[in-house]
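Let's take a walk through this fold together, one piece at a time. Keep the viewer open and turn the model as you read.

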Amino acid sequence: MKKRDFLSCSLGALALALAPVPGLAQGQAFPPFKTATIVVGFAAGGASDAAARIIAKKLSDDLGISVVVENKPGAGGNIAHQYTAHQAPTDGSTILFGSVGPLAIAPHFMALQYDPVKDLAPITMGVNFPNVLVIHSGLPIKTFAEFMAYAKANPGKIDFASTGHGSASHMAGELLIDMAKVDIVHIPYKGGAPAFQDLMGGRVAAYFSTLATAQPGIDAGKLVPLATTGLKRMAALPDLPTIAETYPGYNATNWYAFVASSKVPAPILDAWNAALVKVLKSPDVVAALEKHGLPPAPGTRQELADEIARESAMWGRVIRDRNIKPS
């Protein structure tokens, strides 16, 4: 998406948000429906699914309604985003636990059946967390500095797995390649499970993994953690450097955020924001999410819109610089 087009879409979305819309009547309680659905774009058992189910349970308790999680995996999460944009009910009873790939990466290198700015409305950031660059322990590498030295001395000889073309784990590697000017080969997989399986088996060298996924392999001595992908060191791994300590400005966090169809009335979206922020700040939910390495990051609807715009601009530049094409 060109910068001019993206800005036009953003202004259009803002105008839509400010326009008078029908919604909750004065004094009407939220929610005005008895069942709500949180759509997740990935299969059950993954990080997004785990977080969504923790949040859904607390929402059910707080709102006094049934909140169910519906998994619609496929196409790196794009199927779920397209469904929410064009097929989901527009009364606000269905919201999406969206992800960085479909919201900020995919629009720059593939034709989508939805526009994440015009067709989806921000509610709140859900969780935002760095990944961990891990390698198979069979490699003669123990630190991030050694990894980069090896990669530069052996161009094209080291590879990294990802959960798919255009995924957060793919783009984390592309950003490193772009900033370090190094030749590392991308190996896309159809999801995290097969990627991690080949990493553990030594059939691929490296992987930008969630800490929760990598921890058992690290504890077993089969994986070596090298660095984290956020701007700050992880509390769980305080001795592990960030990639940004070597390449200032490097920041490739993985995040999941709540969005809904842009046709949902603004008062309903505002009410969802209030309900979700309350849940994401509750101590039991914070503890449960952080146990999975998924720290909550609630905020305003505008803050999420701004974050998506920033991420989209950054990944758009990387995709252009690296000349990344559809798989």
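**Two sheets, a pocket and a cavity**

Strand 6 (residues 159-162) runs parallel to strand 7, and four bridges link the pair. Strands and helices here are DSSP runs, numbered from the N terminus, with at least two residues for a strand (E) and at least four for a helix (H or I). Two strands count as paired if DSSP finds at least two bridges between them. Within this pair, Ala 161 faces Ile 187 of strand 7.

Before going further, a word on the model: it is predicted, so local features need pLDDT of at least 70 and side-chain atom pairs count only at pLDDT 80 or more, while totals for chains, interfaces and linings use all residues. Residues are numbered from 1 along each chain as its sequence is written, and side-chain values use heavy atoms, with hydrogens and water left out.

Strands 6 and 7 belong to an open sheet of five strands, ordered 7-6-8-5-9 with mixed pairing. At its edges stand strand 7 (185-188) and strand 9 (223-228); each has a single partner strand, so one side of each is left without a neighbour in the sheet. From one strand to the next, the twist averages 30 degrees. Angles run from 0 to 180 degrees between N-to-C directions, and axes are lines fitted to C-alpha atoms, for helices over the stretch in contact. Contact itself means heavy atoms within 4.5 Å. With that in hand, look at helix 6, which lies across strand 6, strand 7 and strand 8 at about 150 degrees to strand 6.

Now turn to the other sheet. Five strands form this open sheet too, in the order 2-1-3-10-4 and with mixed pairing. Strand 2 (66-71) and strand 4 (120-130) are the edge strands, each pairing on one side only. Neighbouring strands are turned by 20 degrees against each other on average, direction ignored. Strand 1 (residues 35-40) pairs with strand 2 in the parallel sense over six bridges, and Ala 36 stands opposite Val 67 in strand 2. Towards the other edge, strand 4 and strand 10 run antiparallel and are joined by nine bridges; there, Phe 129 has Asn 254 of strand 10 as its bridge partner. Strands of a sheet pair through backbone hydrogen bonds, either parallel or antiparallel.

Strand 4 is mostly covered, with ten of its eleven residues buried. Buried means under 20% relative accessible area, exposed means over 50%, and partly exposed is in between (1.4 Å probe, protein chains only). Helix 11 (residues 301-322) lies across strand 4 and strand 10, at about 70 degrees to strand 4. Helix 2 lies across strand 1, strand 2, strand 3 (94-99) and strand 10 (253-261), running at about 165 degrees to strand 2.

Two residues are worth a stop here. Ala 47 is part of helix 2 (residues 47-63), and its 23% relative accessibility makes it partly exposed. Leaving aside residues up to four places away in sequence, Ala 47 touches Tyr 256 and Leu 294. Gly 77 sits in the loop between strand 2 and helix 3 (78-86) and counts as buried because its relative accessibility is 0%. With the same neighbours in sequence set aside, Gly 77 touches Gly 41, Phe 42 and Pro 102.

Finally, where is there empty space? On a 1 Å grid over the protein atoms alone, a cavity is a set of points where a 1.4 Å probe fits but cannot get out; a pocket is an open set with protein on both sides within 12 Å along at least five of seven lines, and lining residues have an atom within 4 Å of a point. The largest pocket holds about 1,100 Å³. Its lining has 47 residues, with Phe 42, Thr 163, Gly 191, Gly 192 and Tyr 256 nearest its centre. Among the elements that each supply at least two lining residues are helix 2, helix 6 and strand 10.

The largest cavity has a volume of about 30 Å³. Phe 147, Phe 160, Gly 173, Leu 176, Ile 177, Ile 184 and Phe 208 line the largest cavity, and helix 6 gives the most to this lining, with three residues. Volumes here are the space filled by probe spheres set on the grid points, which are joined across faces, edges and corners.
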